[in-house]
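Trainee: Could you walk me through a protein model today? I'm new to this, so plain words please.

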Amino acid sequence: MTDTDDNVRYDQARYVENGQYEPLLSEKDLTRVEIGEENGGDDGDDSPLPDDLTRDSLELPELSEPELVRHYTRLSQMIYGIDSGPYPLGSCTMKYNPKFTEDVAALPDGAVHPDRSEESVQGTLELLYRLQDYLGRIGGMDAVTLQPPAGAAGEFVGIRVAAAYHEHNGEGHRDEVIVPESAHGTNFASAALGGYEVVSLPSDDEGRVDLEALEAALSENTAALMLTNPNTLGLFERDIEEIAEMVHDVGGLLYYDGANLNALLGRARPGDMGFDVMHYNVHKTFATPHGGGGPGAGPVGVVDELAPFLPSPRVRTDGDASYELFEPEHTIGKVHGFHGNWLVLVKTFAYIARLGDEGLTDASAKAVLNANYLASRIEYDVPYEPFHHEFVASAGDQDAADVAKRMLDYGVHPPTTKWPEIVPEALMTEPTEVESKDTLDRLAAAFNAVAGEDDATLEDAPERTTARRIDQTSAARSPRLSWQTLSEEEE
Ligand SMILES: Cc1ncc(COP(=O)(O)O)c(C=O)c1O
């Protein structure tokens, strides 16, 4: 792959005006508009709101429709997203969101006020009930709450449900949650926020749970073990039944992080493996938009014993096609307004209903096939196998962060980097089931082009994107949410 090869060359758009990238609307020509009754505003005199919360005029950009449309189109050309190309973020899973689910969520029937009477929203309740049922059957769980707004929020709910269960049974002394070293950061955070001491569990030489270390960590203080399967290396925890037995023998619960459920769909169920509680990351498994960029959903499923502790309200039916909301007997309370993020749940429902049993089973086959095909095409070493829907390659002597930056220059999004730490300079890669062979080949070509490049080139990357290398720490800690004025150097 070379710069001159037109088949793979990529240059991201850069619109510059007066030394600035595309200005924000508020930085364009502004006009002050008086808000009078004739413009649909309040005349100010009889407003029920206090004076300091109302205004009589508003600054609005003075733009024509084409200028407005072009502004947003330009912005969309200066970023990279799942609609631009592959986005193989291992574990974080950026799956293409099929547009039909957006159409379903945009149907006028979806715009129901959450305070409407149960009798007048039977269709809404039926959808929620059927989604609870779908998710329960997919995960092998007996009861499901749809309320949590993201995977991490689901983890927190699952941990609080586990805590309520232990307390109810007079086992409130249990104060430890065991989390594998290689687990996602949110697992540690959810356990700690849920009020537990976090006990970290090392992996064995093959990258799986170390049974001896687990034995040593388990005690009468264990509230739960949190696991994902396949684990973050993409490896199936073959000893899962033994692990479940060990945890249950000391009175603990087994928590399933559903982030990797798309590797198992239609083939294996966490409930059958012995898990007691799990969250579903619907954006990873059922192709809804990712919660980080807007409202998400992270439903939680549990076995019968934990069902009375789930958040309220849940939906049930009397079996006569009539649906009602109810409060589980020992509910931990509400974790979100009303039913959770309703329109994300509609998209989840639409996706599952459209794919059906066969489609979901096919999705997991393709997720695993795609990861294995891509790994077989790249020159970087993949130390742990056999993996499922994702793999962790090692950048070896290269810095994984530099590799990621350089991959942007080839028009693909890089994998997750430097995690899990068990693999040096980790490139954690998950192509997902949606990518075609051509796209996987293009992705492999980008990996391999970067693998052959020198440190100086990598350290200087990216050079073809709208923004060059940014200071990631400052960007995360003190974000400046407007375009920077271009420095002379960048120009
Ligand atoms: C393994 C794992 N668990 C949990 C989460 C948290 O999910 P969410 O991003 O929906 O909060 C993630 C997110 O990327 C993850 O990769």
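**A strand out in the open**

Mentor: Let's start with strand 3 (residues 30-34), which is hardly covered: among its 5 residues, the count of buried ones is 0. A residue is buried if 20 or more other C-beta atoms lie within 10 Å of its own, exposed if 12 or fewer, and partly exposed in between, with C-beta atoms placed from the backbone. Strands here are DSSP runs of E with at least two residues, helices are runs of H or I with at least four, and both are numbered from the N terminus.

Trainee: Before we go on, where do the numbers and the model come from?

Mentor: Residues are numbered from 1 along each chain as its sequence is written. This is a predicted model, where local features need pLDDT of at least 70, side-chain atom pairs count only at pLDDT 80 or more, and totals for chains, interfaces and linings use all residues.

Trainee: Okay, which way does strand 3 run against strand 4?

Mentor: Strand 3 and strand 4 (residues 57-61) run antiparallel, joined by 5 bridges. Two strands count as paired if DSSP finds at least two bridges between them. Glu 34 stands opposite Ser 57 in strand 4.

Trainee: And what holds paired strands together in general?

Mentor: Strands of a sheet pair through backbone hydrogen bonds, either parallel or antiparallel.

Trainee: Zooming out, how many helices and strands does the protein have?

Mentor: The protein has 14 helices and 16 strands. The C-alpha trace spans about 70 × 70 × 40 Å along its principal axes. The radius of gyration is 25 Å, which agrees with the value near 23 Å for a compact globule of 491 residues. That radius is taken over C-alpha atoms, and the globule rule is 2.2 Å times the number of residues to the power 0.38.

Trainee: What share of the residues is buried?

Mentor: 42% of the 491 residues count as buried. As for contacts between residues at least 6 apart in sequence, 71% join residues at least 24 apart. Contact means that the C-beta atoms, placed from the backbone, lie within 7 Å.

Trainee: New topic: what's in the largest nonpolar core?

Mentor: That core has 109 residues, and those touching the most other members are Val 161, Ala 162, Ala 224, Tyr 255, Val 277 and Val 392. Helix 10 (residues 342-377) gives the largest share, 14 residues. By definition, a nonpolar core is a set of buried Ala, Val, Leu, Ile, Met, Phe, Trp, Tyr and Cys residues joined through C-beta atoms within 7 Å.

Trainee: Which residues does Ala 224 touch?

Mentor: Leaving out residues up to four places away in sequence, Ala 224 touches Ile 159, Ala 162, Val 177, Gly 252, Leu 253, Leu 254 and Tyr 255.

Trainee: What about the sheet with strand 16?

Mentor: It is an open sheet of 3 strands in the order 14-16-15, with antiparallel pairing. Strand 14 and strand 15 are the edge strands, each pairing on one side only. Strand 14 (residues 391-394) shares 4 bridges with strand 16, and strand 15 (residues 416-417) shares 2 with strand 16. Phe 391 stands opposite Thr 429, while Thr 416 stands opposite Met 428.

Trainee: Where do the residues of strand 16 point?

Mentor: Ala 426 and Met 428 point one way, Leu 427 and Thr 429 the other, and all are buried.

Trainee: Is helix 11 enclosed or open?

Mentor: Helix 11 (residues 400-408) is largely enclosed by the rest of the structure, because 8 of its 9 residues are buried. Among them are Asp 402, Lys 405 and Arg 406. The cover includes strand 15, strand 16, helix 12 (437-451) and helix 13 (455-460).

Trainee: Which backbone oddities sit in the loop between strand 15 and strand 16?

Mentor: Pro 420 lies in that loop, and a cis peptide bond with omega of about 0° joins Trp 419 to Pro 420. Lys 418 lies there too, and has a positive phi of about 65° although it is not a glycine. Most residues other than glycine have a negative phi, and most peptide bonds are trans.

Trainee: Is Lys 418 buried or partly exposed?

Mentor: Lys 418 counts as partly exposed because it has 16 C-beta neighbours inside 10 Å. Thr 432, in the loop between strand 16 and helix 12, also has a positive phi, about 75°. With 24 C-beta neighbours inside 10 Å, Thr 432 counts as buried.

Note on methods. Two residues are in contact if their C-beta atoms, placed from the backbone, lie within 7 Å.
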